[in-house]
Each structure stands twice: as C-alpha cells, then as structure tokens.
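Here are a few exercises to work through with the model open in your viewer. Try each one before you read its solution.

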Amino acid sequence: MINYINTVKNIFTFFLAFVLLYGCKDIKETNHSFIGGEIINPKDTKLTIFKSNSIVDTIRLDSENRFLSKIESTKSGFYGFSHGNEYQLILLEPNDSITIRVNTLDFDESLSFSGIGSKKNNYLISLFTKYENSKRNSSNLFKANPKEFKKTIDSLKRDEINLLDKFISGTNLTSQLFEEIATNTINHIFNAKIEAYRFIELNTNETIYPENFYDFRKNINYNNIYFEEFYHYYNFLFPHFDNLAYEEFIKSYNKKSFTKDNVDYNLIKLGLIDNLVQNREIKSRLTSFITRKFLSFCKKPEEANIIYNYYLEINKTNDENSKNYQQKRVINLYNSLKNLKKGNKLPIIELIDAKKNSININKLITSKTLIYFWSKNSKNSYKYSHNKVKKLRVTYPDIRFISVNIDKINTEKWLNKLTINSSYCDCTGCKSKNTYVNEFKLRNPDIAKKLLGIQYIRKTIIVDSKMNIIESNVNLFSDNLEEIIN
C-alpha cells in the first residue's frame, strides 16, 4: 500500500511540474488542457492521442514510462488514446488536467484517472465496464414477454439515472457536457436492449408489443457531434436501424423471406441512414460497417455490386482527398474481395510458424485446405474455432486445417497466447504441442488482412491443392459449411 501511495505521489509531482512548466506563462489561457500519466508494463515506447480520427499528439514515454501532452485550443468532447493494441476514450474539456494510470496486463480493469476532470472520466469508465457486454448482462431479461421486458428496462434505466444524479450532487460537478453525455449514454445502453429484443429472441412474427415500447424513438438525435466516435452510441444505432429496416421490409416483402443478409433489407437500412443522418462522420461509420459486413459474407457478386454502388452513392465525393478512413476501408475491401472470387488463386502471404520460421502459405498447401482465423481480442475465438475444427477433422481426414492468428503481436506473445488458450480449450488435441504444426500467425497483419479481405474472424477460406479458391467468404459456423466443403 505504501509503495502504491508513493507511486501516485511521484506521478502527481511529475505531472504538476510539467503543468507549471508549460502553463505558468499562459496563466490566463482558458482553452488548453493536459493529459499525462504512467503506463505500467508498456507494450510500446509511445502513446497516441486522437480526435475524430486525426492524430492530436504522439508522445514518447520517458525512462519511467511516464508521459505528458498539452492539448492546445481544446475542443470539448471525446479524445481517444491508444497504446499498443489498446484504445480508450477520455472526455476532455478546456482547463482539464487528467492523469492516467494503467497496467497493460489488465488494461480496462486497471485504468484510472486523477486530477482536474478525472471524476467524470472515472464515472464513465465505471459505467462502460458495468454494461460492457449488454447481452451477457441481460440474458434472462430477454426471455420475458414484451410488456414485462419494457417495464424492467424502464425501471433499470431510472435507477441508473438516479445514481447519476446522486453522483453529480455528491461530487459538485458543474460540467453540462458531462451530464448530457452521461444521461445519453445511459439511455443508449438501455434503449439498445429494447431495439435488440426483437432479434435476440427472434420475436419477428406474431409478438404483440406495448404501444409505448419504442417511445424513446421520438427523442433520438442522429447527429450528435459529441458521439461521433463513441461506441455506445453506435451500439444503440446499429440495432435501431436493424429494427427500422425490418419494419419497412415487411411492408413490401414476405416476412418469410427476411434474413439479415437479404440484399433488399440491407438497401432499406442504408437508405434509412442516408435519410435520417446528416452528420458525415456518423453516416460514414454506420454505412461503412453495414456495407463491409454485407460484402464480407455475400455469395452473389451481383448483390455485392448493388450494395457497394449504393454505398458509394450515399457517401459520394468527387475529391479523392476528401474520402475518409471509413470509405477507404470499404473500397479496399471491395477490391480485395473481387480478387478472391471462386477459381482465382489465393494470394501468397507470409506466415510465422510455431518454430519462429517465416514461410509462404503456398508451401503449406498440397491438398484441399481450410484456413480459419482467431484473435486475442475475441476471447472465445480460439476455443470455439478449434473445437469446431476438431469435429471437422474426424469427418474430413484428407483435408488440412490451418489456424492463423491475425493479431499484430510479436512471436513470443503469440506462442504464449497459444499455450494459454490450449490450456482451457475443450479440444483435447489442442493440449499437445504437436498440434502447433498447424498453427501460424500473419507476418505482416496489415498487408495480409487486406489481401485476404479479413474483416471478421469468423471468415474461413477453402482452397484446393493448387491454391485455387473454392470459397473465400464462408463462415466457419455456417450451417452449410460441410456442403461447401464437399
């Protein structure tokens, strides 16, 4: 405990010294802010601060893994900071001086803030963590009938708003922006559950909903600039537009023809977003995600072209330089997937094997091969994919199954992750290091993921013995996977 107190004191002394150094000559300034702190067990030598996808500052850690950045002309709102593969948001306003302390071994759980502006950020982090997995925290709730479900959600929402009111009065916070963001976040969290209800329990047929079930829709702000990069906002908007599009779809089409990958359903969804969202960044993020998801699993080139061209029409610009990050992702994916059509050769990419050797993927393929992927960022992707492949190996002994990690991590960390994952995997074959003969990682993830059109780890690629593509967009857990293999 004494060591911890001393560490905090040292950070504060370091931070205060820099604030005085940078700020004393500008004592009358009211539009700048500071972000500083310490990273324990750093994964990199630097930390990057973003605002609306633009880099505000890149800061090198000092010899004690501390950092400090002065944000000139601070625009109130969310700023992102990233270190290694970790990313988090900070709510920043002019005159804030926030100290961050985080251990990368347990990033989200260890993250804490101190200094001016810290209370509002600690509240938001606590709220995010509390509702990190909305479905997990509500699994039993979704089994209730619509009336009871709505009643429970409204009660939980009121309780959370009351806790927020007590927090504000107890801490004497006077930030109107924080109150707006915190209140909206609570609404987004619970309203997202209401929008998701129809699809989680497949209540798409004869279910009768109370008249007030979607009352909150009257007050939706589709263009809130403070939420442009706020994931709880999008966690609400995605199921919301799923629902609106479904309601429009069944007005013109047979309910039985509805599937989430139906091209007409997705066209309706993109059209609704185009009509209701004027903010370019929010519209681009929403339409980009929907388009990339559709393209990634679409089996019909003509339907992929329809969605892609409509996406370009919605987000059109004649200036190549004005294409934002989201648009470039869609364009790159579309072009990559065109090269991955059935019958084409699989692009040659470099892999790293469990003996730390570099090897081209074509050297591994001498028979029909199924290539599947996993990531450390999806906690169960290794377990579920390997358990699935264990069963497939029994049915298809002549097929080679290759597991590829897509993370941007060094070889030692990947091998360590393999060891940890195999210890809890239900697949008995995973317990043996002999199975590592089929384990690989991408040598250059940025290039390889682009060439292979990897947007989602469920993606599976099947090739023949000559590297001709049999299927490049199949889901490993698809009901018709074995039909495709055969």
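**Exercise 1: a loop asparagine**

At 35% relative accessibility, Asn41 counts as partly exposed. Keep in mind that this is a predicted model. Your task: place Asn41 among the strands and look at its phi.

Solution. Start with the location: Asn41 sits in the loop between S1 and strand S2 (46-51). Next, check the backbone: phi is positive, about 55°, although Asn41 is not a glycine. Now look for another case. Ser73, a residue other than glycine, also has a positive phi, near 45°. Ser73 belongs to the loop between strand S4 (66-71) and strand S5 (77-83), and with 48% relative accessibility it counts as partly exposed.

**Exercise 2: a strand phenylalanine**

Decide whether Phe34 is buried or exposed, and find how far its C-alpha atom is from that of Ser97.

Solution. Phe34 is part of strand S1 (residues 33-40). Its relative accessibility is 3%, and buried means under 20%, so Phe34 is buried. For the distance, the C-alpha atoms of Phe34 and Ser97 are 4.5 Å apart, with the two positions 63 residues apart along the chain.

**Exercise 3: sorting ring pairs**

Classify the pair Tyr197 and Tyr209, then do likewise for Phe199 and Phe258.

Solution. A pair of aromatic rings is described by the distance of the centres and the angle of the planes. The structure has 38 aromatic pairs. For Tyr197 and Tyr209, the centres are 6.2 Å apart and the planes meet at 85°; over 60 degrees counts as edge-to-face, so that is the label here. This pair links distant parts of the chain: Tyr197 is in helix H5 (residues 176-200) and Tyr209 in the loop between H5 and helix H6 (231-252), 12 residues apart. Both Tyr197 and Tyr209 are buried.

On to Phe199 and Phe258: the centres are 6.2 Å apart, the planes are at 35°, and the pair is tilted. Here, too, distant parts of the chain are linked, with Phe199 in helix H5 and Phe258 in the loop between H6 and helix H7 (263-276), 59 residues apart. Phe199 is buried at 13% relative accessible area, and Phe258 is buried at 15%.

**Exercise 4: a charged patch**

Which residues gather with Asp106 in a patch of negative charge?

Solution. Asp108, Glu109 and Glu132 join Asp106 in that surface patch. Asp106 itself lies in the loop between strand S7 (97-103) and helix H2 (107-110). With a relative accessible area of 42%, Asp106 is partly exposed.

Terms used: Residues are numbered from 1 along each chain as its sequence is written. This is a predicted model: local features need pLDDT of at least 70, side-chain atom pairs count only at pLDDT 80 or more; totals for chains, interfaces and linings use all residues. Side-chain values use heavy atoms; hydrogens and water are left out. Patches are made of residues with over 30% relative accessible area and no salt bridge: like charges are joined within 9 Å, nonpolar side chains (Val, Leu, Ile, Met, Phe, Trp, Tyr) within 5 Å. Accessible areas come from the Shrake-Rupley method with a 1.4 Å probe; for residues, only the protein chains shown count as cover. A salt bridge is a side-chain nitrogen of Lys or Arg within 4 Å of a carboxyl oxygen of Asp or Glu. Lys and Arg count as positive and Asp and Glu as negative; His and the chain ends are not counted. The place of a charge is taken as NZ of Lys, CZ of Arg, CG of Asp or CD of Glu. Helices (H or I, at least four residues) and strands (E, at least two) are DSSP runs, numbered from the N terminus. Buried means under 20% relative accessible area, exposed over 50%, partly exposed in between (1.4 Å probe, protein chains only). Rings of Phe, Tyr and Trp (its six-membered ring) pair if their centres lie within 6.5 Å; planes under 30 degrees apart count as stacked, over 60 as edge-to-face and the rest as tilted.
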